[in-house]
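Walk through this structure step by step, from buried charges to ligand and domains. Keep the view open while reading.

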Amino acid sequence: MGDLKGALIGCGFFAVNQMHGWRDAEGARIVAICDCDPERLKAVGDAFGIQRRYTSAEDLFADGGFDFVDIATTVRSHRGLVEMAARHGVATICQKPIAPTMEDAKAMVSACAKSGVAFMVHENFRWQSPIRAVKAAIDSGAIGEVFWGRVSFRSGYDVFSGQPYLATGKRFIIEDLGIHALDVARYIFGDATAVTARTRRVNPAIAGEDVATMLLDHDGGITSLVDCSYATKLPVEPFPETLMEVDGSKGTLRLTQGYHLAVHSKGATKLTNVEPPALSWASPPWHNIQESVALIQQHWIEALRAGREPDTSGRDNLETFALVEASYLSAAEGRTVSLAEVL
Ligand code: NAD
Ligand code: 89Y
């Protein structure tokens, strides 16, 4: 079987990682790129040797010649581009956050379903090796039945220099970063039924919240805490590590800074270094995120080829996005919000 052909829209800050991932992927290659900014288009086109370049997505789809599109633009353009892809019958990947509102997110999922095209949200954090190691340890039964957990991302890293738009939106950390932590919580502890959230802005130079704490009730009775901050100045900067604590009936698990995994069970503690490999194109400290980009893209190729729904399909991602919406609503109104209210 020949390689799947892909087109990428949005040649900005993060797309470079996606282009590296596609270059190394088995079974797919990028044949065309698009960005309304000609300079960004040229930079990525030249760096990755892509000749077919477009400043208009309409023109890209009109010319066609690809099996899937990878949308790496910022959130405001997601709905229009996903619906365009669906109209052209092209399988679609869209970066997180899926959309600015639940109404948009549902419309995108429904447009792809109606056209019968596969739709995956690039929700990559659950593909990070350390998170996979946590899941594997729980699935092994070593700590017994899980009853409590914590997913934590606390940092003082300057994300605004690479992604200046993050400083300008009314929503910041839950929509941008918390969304990943909430998805990890779903991946590890199951779907949530309700959330209680508190937010705060510490950095006066930004418009949105940079600290958020969420308490989640999960379907199976597990309680989890998801906390994130970009206002936390630690002696050793942990960016971009997600740390985890999980308590079970037979033991405990701790994923601590430096990619250390400790699984404590039957009176003994097993320590493992779960640091992801730095791929040839990696730029630490981003290597953890970068590896997960390559892994989710390979998963997409396999799912598309097999005709299987990808793990973080648009449909699945509505549950993660609902947690984002419910968290903002909970923080605004100071009450617990049931997921049913926003789904
Ligand atoms: P960016 O602003 O650097 O890049 C976006 C690019 O898209 C720009 O070059 C812009 O000109 C182009 N663009 C916008 N609308 C377009 C349109 N309609 N047609 C063609 N081109 C268009 O943004 P970024 O930092 O690269 O972020 C892009 C997305 O990636 C965001 O949704 C962000 O949340 C996400 N992101 C994900 C991760 C992750 O780990 N999954 C990490 C960082 C960013
Ligand atoms: O945009 C964010 C993401 O998805 O991962 C980290 C990030 O780049 C900054 O918070």
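Start at R186, a buried residue with a relative accessible area of 8%. This is a predicted model, so its local features are read only where pLDDT is at least 70. R186 is charged, and its partner is D316: the two form a salt bridge, with the closest N and O atoms 2.9 Å apart. D316 is buried as well, at a relative accessible area of 16%. Both values fall under 20%, so both residues count as buried. The pair ties together distant parts of the chain. R186 sits in helix 7, while D316 belongs to helix 9 (residues 314-333), 130 residues apart. Side chains of opposite charge can pair when their charged atoms come close.

How many salt bridges are there? The count comes to 22. Two further examples are worth a look. E333 pairs with R335, the closest N and O atoms being 2.7 Å apart. E333 is partly exposed, with a relative accessible area of 47%. R335 is also partly exposed, at 29% relative accessibility. Some salt bridges share partners, and these join R150, R154, D227, E245, D247 and R254 into one network. Inside this network, R254 forms a salt bridge with E245, and here the closest N and O atoms are 3.9 Å apart. R254 counts as partly exposed at 27% relative accessibility. E245 counts as partly exposed too, at 23%.

Now turn from charges to nonpolar packing. In soluble globular proteins, nonpolar side chains tend to be buried together. In this model the largest nonpolar core has 90 residues. Which residues have the most contacts inside this core? They are M214 and M244. Helix 7 (residues 173-189) supplies the largest share of the core, 11 residues. The core also draws on both domains, with at least three residues from each of domain 1 (4-117) and domain 2 (126-283 + 320-341).

Take a closer look at M214. Leave aside its neighbours within four places in sequence. M214 is then in contact with I174 and L182. Its other contacts are V195, T196, A197, S224, L225, V226, C228 and S327. A second core is separate from the 90-residue one. This second core has 23 residues and includes A28, I33, V44 and I301.

Next comes the backbone. Where are the cis peptide bonds to inspect? One joins K96 and P97, with omega about -20 degrees. P97 lies in the loop between strand 5 (91-95) and helix 5 (102-115). Another cis peptide bond joins P284 and P285, and its omega is about 10 degrees. P285 is found in the loop between strand 14 (268-273) and helix 8 (287-306).

Phi angles give two more places to stop. Y259 has a phi near 65 degrees, a positive value in a residue other than glycine. Y259 is in the loop between strand 12 (251-256) and strand 13 (260-265). K266 also has a positive phi, about 50 degrees, although it is not a glycine. The loop holding K266 runs between strand 13 and strand 14. Are these residues buried or exposed? Y259 is buried, with a relative accessible area of 5%. K266 is exposed, at 82%.

Move on to ligand 2. Which residues surround it? They are K96, F125, V159, Q163, D176, H180, Y230 and W286. K96 has appeared before, as a member of the cis peptide bond with P97. Three of the surrounding side chains can be followed to oxygen atoms of the ligand. For D176, a polar side-chain atom lies 2.5 Å from an oxygen atom of ligand 2. For H180, an N or O atom of the side chain is 2.6 Å from an oxygen atom of ligand 2. For Q163, the corresponding distance is 2.7 Å.

Finally, step back to the domains. The domain assignment gives domain 1 (4-117) and domain 2 (126-283 + 320-341). Domain 2 is thus written as two segments, 126-283 and 320-341. The centres of the two domains, taken over C-alpha atoms, are separated by 28 Å. How many residues of each domain are in contact with the other? The contact involves 15 residues of domain 1 and 13 residues of domain 2. The largest nonpolar core, described above, also takes residues from both domains.

Conventions
Residues are numbered from 1 along each chain as its sequence is written. Chains are lettered from A and ligands numbered from 1 in the order in which they are written. This is a predicted model: local features need pLDDT of at least 70, side-chain atom pairs count only at pLDDT 80 or more; totals for chains, interfaces and linings use all residues. Side-chain values use heavy atoms; hydrogens and water are left out. A nonpolar core is a set of buried Ala, Val, Leu, Ile, Met, Phe, Trp, Tyr and Cys residues joined through side-chain atoms within 4.5 Å. Buried means under 20% relative accessible area, exposed over 50%, partly exposed in between (1.4 Å probe, protein chains only). Helices (H or I, at least four residues) and strands (E, at least two) are DSSP runs, numbered from the N terminus. Contact means heavy atoms within 4.5 Å. A salt bridge is a side-chain nitrogen of Lys or Arg within 4 Å of a carboxyl oxygen of Asp or Glu. A residue is near a molecule or strand if one of its heavy atoms lies within 4 Å of it. A polar contact is a pair of N or O atoms within 3.5 Å; within protein, one must be able to donate a hydrogen and the other to accept it, and residues adjacent in sequence count only if both atoms are side-chain atoms.
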